[in-house]
Amino acid sequence: MKKALFPGSFDPFTNGHLDMVERAAKMFDEVIIGVFVNTSKKHLFTVDEKVTLITQAVRHLPNVKVYHQENQLTVEIANELAVQTIIRGIRSVKDFEYERDIAQMNHHLNQEIETVFLLAKQEYSHVSSSLLKEVLHFGGDVSDYLPTVINEALAGKRENDGL
């Protein structure tokens with residue numbers, strides 16, 4: 001059974017992320033979306049909210065699961081989950097250089113795990129969660145870049161939390 005891990009902070013989970021998961025789900029028997037914590041980023045959603053929302057966004061993909069862990073290296077999680085491949089998305093040359101370095105370190109830490117890069121589709125190549133958060137902060141509309149369930153949750157946060 002070929003299993004892959006798609007790790008990230010996913011805050012928010014975008015249509016670009018969803019596209020990567022849908023494409024990976026065609027290549028692997030099982031894809032695990034790893035919702036991890038990035039301590040250097042300000043979060044819109046709690047880990048539990050992200051897990052729930054992402055699970056709803058991928059419910060049409062029977063071979064996709066959502067998992068979260070906050071205190072381990074990605075390669076340690078991959079090893080525990082018996083995953084052979086880490087999936088990473090590449091939007092630009094800048095992303096490639098950053099992701100290449102991480103992939104090489106992960107390979108140093110565990111030579112049994114490979115990283116596969118998927119190129120972002122053109123319509124998502126300029127989109128990042130950080131950029132969307134910035135646009136949201138100033139009241140901009142990012143709904144074209146989010147799965148419906150995520151967009152609805154953000155609308156609720158705007159009303160309740162003054163986002």
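# Briefing: strands, pocket and local geometry

With neighbours up to four places away in sequence set aside, Asp 95 is in contact with Gly 89 and Ile 90. Asp 95 belongs to helix α4 and is buried, at a relative accessible area of 13%. The model is predicted. The points below cover the strands around β2, the largest pocket, the annotated residues, selected contacts and backbone geometry.

**Strand β2 and its neighbours**

- Strand β2 spans residues 30-35, and six of its six residues are buried.
- Cover is found on both faces of β2: one side carries Glu 30, Ile 32 and Gly 34, the other Val 31, Ile 33 and Val 35, and all of these are buried.
- In a regular strand, side chains point alternately to one face of the sheet and the other.
- Strand β1 (residues 3-8) runs parallel to β2 and is joined to it by six bridges.
- Within this pairing, Phe 6 stands opposite Ile 33 of β2.
- Strand β3 (residues 64-68) also runs parallel to β2, with five bridges between the two.
- Val 35 has His 68 in β3 as its bridge partner.

**Crossovers**

- A right-handed β-α-β unit is made by β1, helix α1 (residues 15-27) and β2.
- A right-handed β-α-β unit is likewise made by β2, helix α2 (residues 47-57) and β3.

**Largest pocket**

- The largest pocket holds about 1300 Å³ of space.
- Its lining consists of 46 residues, and Gly 8, Lys 41, Arg 88, Tyr 98 and Glu 99 are those nearest the centre.
- Elements that each supply at least two lining residues include β1, α1, α3, β4 (85-90), α4 (93-109), β5 (114-119) and α5 (129-137).
- Helix α4 gives the most to this lining, namely nine residues.

**Annotated residues**

- An unreviewed UniProt entry carries the annotation "binding site" for Ser 9, Lys 41, Thr 74 and Arg 88.
- The lining of the largest pocket includes Ser 9, Lys 41, Thr 74 and Arg 88 from that annotation.
- Ser 9 is located in the loop between β1 and α1.
- Ser 9 counts as buried because its relative accessible area is 12%, and the cut-off for buried is under 20%.
- Not counting residues up to four places away in sequence, Ser 9 touches Val 35, Phe 36, Asn 38, Lys 41 and Lys 50.
- Among the residues touched by Ser 9 is thus Lys 41, which the UniProt record also annotates.
- Thr 74 is part of helix α3 (residues 74-80).
- On the same count, Thr 74 touches Leu 5, Pro 7, Phe 36 and Ile 86.
- Phe 36 is one of the residues touched by Ser 9 and also one of those touched by Thr 74.

**Contacts between parts distant in sequence**

- Lys 2 sits in the segment before β1 and is exposed, with 56% relative accessible area.
- Lys 2 and Glu 30 are 28 residues apart in sequence, while their C-alpha atoms are 6.6 Å apart in space.
- Outside its neighbours within four places in sequence, Lys 2 is in contact with Phe 28, Asp 29, Glu 30 and Gln 84.
- Glu 30, listed among those contacts, is one of the buried residues of β2.
- Ala 25 lies in helix α1 and is buried, with a relative accessible area of 12%.
- Between the C-alpha atoms of Ala 25 and Leu 61 the separation is 7.4 Å, and the two residues are 36 residues apart along the chain.
- Ala 25 touches Val 31, Leu 61, Asn 63 and Val 64, not counting residues up to four places away in sequence.
- Val 31, one of those contacts of Ala 25, is buried on a face of β2 together with Ile 33 and Val 35.

**Backbone geometry**

- Most peptide bonds are trans, and most residues other than glycine have a negative phi.
- The peptide bond from Asp 11 to Pro 12 is cis, and its omega is near 5 degrees.
- Pro 12 is placed in the loop between β1 and α1.
- Phe 10, although not a glycine, has a positive phi of about 50 degrees.
- Phe 10 is found in the loop between β1 and α1, and it is buried, with a relative accessible area of 3%.
- Ala 82 is not a glycine either, and its phi is positive at about 60 degrees.
- Ala 82 is found in the loop between α3 and β4 and counts as partly exposed at 45% relative accessibility.

Notes
Residues are numbered from 1 along each chain as its sequence is written. This is a predicted model: local features need pLDDT of at least 70, side-chain atom pairs count only at pLDDT 80 or more; totals for chains, interfaces and linings use all residues. Side-chain values use heavy atoms; hydrogens and water are left out. Buried means under 20% relative accessible area, exposed over 50%, partly exposed in between (1.4 Å probe, protein chains only). Helices (H or I, at least four residues) and strands (E, at least two) are DSSP runs, numbered from the N terminus. Two strands pair if DSSP finds at least two bridges between them. A crossover is right-handed if, with the strands pointing away from the viewer, the path from the first strand over the helix to the second runs clockwise. UniProt positions are given in the numbering used here, feature names are shortened, and annotations may be inferred rather than shown by experiment. On a 1 Å grid over the protein atoms alone, a cavity is a set of points where a 1.4 Å probe fits but cannot get out, and a pocket is an open set with protein on both sides within 12 Å along at least five of seven lines; lining residues have an atom within 4 Å of a point. Contact means heavy atoms within 4.5 Å. Grid points are joined across faces, edges and corners, and a volume is the space filled by probe spheres set on the points.
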